[in-house]
Amino acid sequence: MVAVVEVTKLVFAWTKESPVIDIAKFRVDAGERVFLRGPSGSGKSTLLSIVAGVVAPDSGSVSLLGQDLTRLSPGKRDALRADALGVIFQLFNLVPYLTVAENIALPCRFSSARRVRAIARGGSIEQETRRLLGRLGLGEAAMLRRKVGELSVGQQQRVAAARALVGSPSLIIADEPTSALDSDARAAFIDLLSEECAAVGASLLFVSHDRSLAASFDRQIDLSDINRVPTAAA
Amino acid sequence: MRIGSVLSLALKSAFNRKATALLTILAVAVSVMLYVGVERVRQGAQESFERTVSGADLVVGARSGPINLILYSIFHIGDPTNNVTWETYQDIAQRPEIAWIIPLSLGDSHQGFRVVGTELSFFEHYRFGDDARVEIDKGELFADVFDAVLGADVAQALQYKVGDHIVLSHGVGSVSFTDHADKPFVVSGILKRTGTPVDRAVHVSLEAITAIHIGWESGAKTALARVATADRVRQMDLTPHDITAMIIGLKSRPSVLRLQRDISSYAEEPLLAVIPGVALSQLWDVIGIVERLLSAISACVVAVGLVVILVTILTSLNERRREMAILRSVGASPADIFLLLVMEAAALAFLGALTGLALLYGALVLLAPLILSTTGVPLSSVRPDMFDVAVVAAVVASAAALALIPAWRAFRNSLADGLSIRI
């Protein structure tokens with residue numbers, strides 16, 4: 001199995017005195033759907049920033065699709081993230097001044113690989129956008145031109161999922177994407193996300209503090225099991 | 001692709017905060033309008049002044065200041081101080097080095113337009129712009145004592161046509177209470193437009209000026225004026241007693257300095273002879289101080305406009321940390337974030353500068369006639385040129401340079417924030 005993410009001997013501290021993360025080994029395989037559980041303050045978001053190549057670790061290595069992020073130039077790291085990664089945040093995922101369609105197409109502006117794959121899949125970026133929205137249950141024609149502020153939280157999260165999925169990235173990172181949804185919507189969202197990840201062949205790294213969601217994933221990891229820094233630091 | 005992409009994001013982001021963006025653009029627009037406006041008015045005034053008189057070697061009048069003399073005799077701005085006697089005029093006119101000479105007699109007006117008493121030599125020898133002559137458009141030059149030839153603006157503003165009767169007024173105010181109503185004039189001709197003060201003058205013969213002032217020697221109407229009817233006056237000797245100024249053309253340019261010296265040291269009465277170009281450059285020297293001051297002030301206003309851009313972007317940074325993190329997560333590099341803010345500032349400055357120029361030239365088109373009629377300065381020839389392009393470029397470049405400050409902060413924020421979104 002090819003590793004999409006491989007973390008070895010990773011140490012990171014925001015300030016020198018108190019490290020937040022110290023992980024010997026952590027790995028996500030291609031096509032694998034991993035549930036990463038951890039209470040708030042356990043360094044989840046920091047780990048995601050490191051995996052995304054936005055934050056550099058103090059020591060150790062982080063590979064994304066076999067490329068060691070710590071050895072890439074910042075520009076190459078940004079390019080690799082643009083090509084290979086889709087991110088869904090907990091809340092407020094969307095750029096307020098762009099329409100739904102423009103938000104979804106955003107990764108295609110920064111990655112020509114994603115643009116090419118989106119066009120290959122849908123025929124055009126607009127058609128691919130519409131197709132993804134349809135799959136996520138936001139199929140009505142008017143949706144594309146809507147302002148982001150007019151959407152409900154559940155709709156916003158689905159638009160964010162469509163944006164993460166556009167152009168078939170290799171890895172989707174979801175950071176508590178369902179915490180603002182009610183429990184029915186939560187399950188539905190996770191099912192949709194899993195389905196679509198499978199459809200585009202993306203791995204899914206799903207982070208949450210909510211143990212009850214773990215059932216629908218291939219593997220679950222407790223961050224406190226792999227992180228040697230005690231959680232109390234938060 | 002990428003730069004275009006970031007630019008379109010920058011524009012959409014700026015116009016998402018619509019009120020702020022529009023006010024910022026307005027601030028820049030007003031400052032650019034002021035700055036370019038000062039430059040344009042100065043340049044327009046200078047150009048139109050310089051094309052008003054060409055080919056004349058000397059302007060001669062009673063002794064006062066050179067700027068004053070040239071202003072009242074050629075540009076009809078301000079009032080003459082004193083007159084030159086007719087004998088002196090004839091004496092100078094007979095000098096061998098003189099090719100042509102035009103006498104001017106000023107001091108009367110018609111509905112706020114100056115009356116110029118002169119001779120037919122004016123139409124023959126006066127030149128403006130690129131050696132252009134004053135030409136008749138309708139009717140004929142004055143032949144009778146009570147004929148008047150109107151400048152194009154006079155005829156247009158007052159809707160006169162050839163054959164109309166007009167009454168001249170004593171003095172040069174726009175409202176005069178002492179009319180020469182007893183001796184009406186007939187419009188004999190209307191001149192083609194010249195773009196000079198000639199358009200705004202009523203031209204009559206020197207004899208006409210003498211005629212309407214018979215009995216007015218004290219400056220007001222006397223009993224003699226009442227008996228001197230138009231028909232009787234025609235029979236009288238209308239040789240002028242004095243004139244206001246004269247314009248001289250020489251046979252050969254090099255003699256100008258000697259003649260100027262001779263006239264300025266004329267024994268019989270105190271005279272002043274000025275070379276029009278020299279007097280004008282003295283005028284620009286005087287005006288230049290004021291103009292540089294205005295320029296400096298308006299440049300400061302432009303700087304304030306640019307600071308407004310800086311302030312709006314700086315204050316928006318905190319509320320936009322989320323936006324930056326989202327953009328980072330979809331693949332934007334810190335350099336893209338940096339570029340986004342610089343471009344936003346540059347775009348606002350560009351739109352502001354363009355708006356300012358549009359406002360300025362719109363205002364000039366609308367206000368040029370008013371400025372012309374109140375100050376006598378024609379601005380209709382003012383056109384956009386490379387200076388405007390340079391101003392726009394400078395404003396955009398300065399805004400982009402100032403935006404390096406917020407861009408740098410956003411760059412550092414985006415490195416520190418990572419993918420976590422802080423509220």
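Let's start inside chain B, at helix α3 (residues 66–74), where the buried residues are B:L69, B:I70, B:L71, B:Y72, B:S73 and B:I74. What lies over them? The cover for the buried residues of α3(B) includes the strands β1 (58–62), β3 (98–110), β14 (245–250) and β15 (271–274), along with the helix α11 (276–316), again from chain B. Just past the helix, look for B:H76: this residue follows α3(B) and has a positive phi, near 55 degrees.

Before going further, keep in mind that this is a predicted model. For the complex, the predictor reports an ipTM of 0.82 and a pTM of 0.70. Chain B has an average pLDDT of 84, and 91% of its residues score at least 70. Within chain B, strand β12 (residues 201–205) has the highest confidence, at 93, while helix α8 (residues 223–227) has the lowest, at a mean of 67. As a rule, predicted coordinates should not be read in detail where pLDDT is low.

Now step back to see how chain B is laid out. Its domain assignment gives two pieces: domain 1 takes in 3–49 + 288–419, and domain 2 covers 58–274. If you take the centres of domain 1 and domain 2 of chain B over C-alpha atoms, 50 Å separate them.

Next, the nonpolar cores. In soluble globular proteins, nonpolar side chains tend to be buried together. Here the largest nonpolar core holds 118 residues, and the ones with the most contacts inside it are B:A345, B:L348, B:A349 and B:A399. Which element gives this core its largest share? That would be helix α13 (residues 334–375) of chain B, with 16 residues. To get a feel for the packing, pick B:A399: leaving out residues up to four places away in sequence, B:A399 touches B:L306, B:I309, B:A345, B:A346, B:L348 and B:A349. Apart from this core lies another one, of 62 residues, with B:L106, B:A245, B:A273 and B:V274 among them.

For a contrast with those buried spots, find B:I136, which sits in strand β7 (residues 136–139) of chain B. Is B:I136 buried or partly exposed? It has 14 C-beta neighbours inside 10 Å, so B:I136 counts as partly exposed. Setting aside residues up to four places away in sequence, B:I136 touches B:L141, B:G189 and B:L191. Its C-alpha atom is also 9.6 Å from that of B:A152, a residue 16 places away along the chain.

Over to chain A. Its secondary structure comes to eight helices and nine strands. The radius of gyration of chain A is 17 Å, close to the 17 Å that the globule rule gives for 234 residues, so chain A is as compact as a globular protein of that length. Along its principal axes, the C-alpha trace of chain A spans about 50 × 40 × 35 Å. Of the 234 residues in chain A, 47% count as buried. Among the contacts in chain A with a separation of 6 or more, 73% come from residues 24 or more positions apart.

Finally, see where the two chains meet. The contact takes 25 residues from chain A and 17 residues from chain B. On the chain A side, α1 (44–51), α2 (74–84) and α3 (100–110) each supply at least two residues, and α2(A) gives the most, with five residues. The residues on this side of chain A divide into 16 nonpolar, five polar and four charged.

Definitions and conventions:
Residues are numbered from 1 along each chain as its sequence is written. Chains are lettered from A and ligands numbered from 1 in the order in which they are written. This is a predicted model: local features need pLDDT of at least 70, side-chain atom pairs count only at pLDDT 80 or more; totals for chains, interfaces and linings use all residues. Helices (H or I, at least four residues) and strands (E, at least two) are DSSP runs, numbered from the N terminus. The radius of gyration is taken over C-alpha atoms; the globule rule is 2.2 Å times the number of residues to the power 0.38. A residue is buried if 20 or more other C-beta atoms lie within 10 Å of its own, exposed if 12 or fewer, and partly exposed in between; C-beta atoms are placed from the backbone. Two residues are in contact if their C-beta atoms, placed from the backbone, lie within 7 Å. A nonpolar core is a set of buried Ala, Val, Leu, Ile, Met, Phe, Trp, Tyr and Cys residues joined through C-beta atoms within 7 Å. Domain bounds come from an automatic or database domain assignment. Ala, Val, Leu, Ile, Met, Phe, Trp, Tyr, Cys and Pro count as nonpolar, Asp, Glu, Lys and Arg as charged, and the others, Gly among them, as polar. pLDDT is the predictor's confidence in each residue, from 0 to 100.
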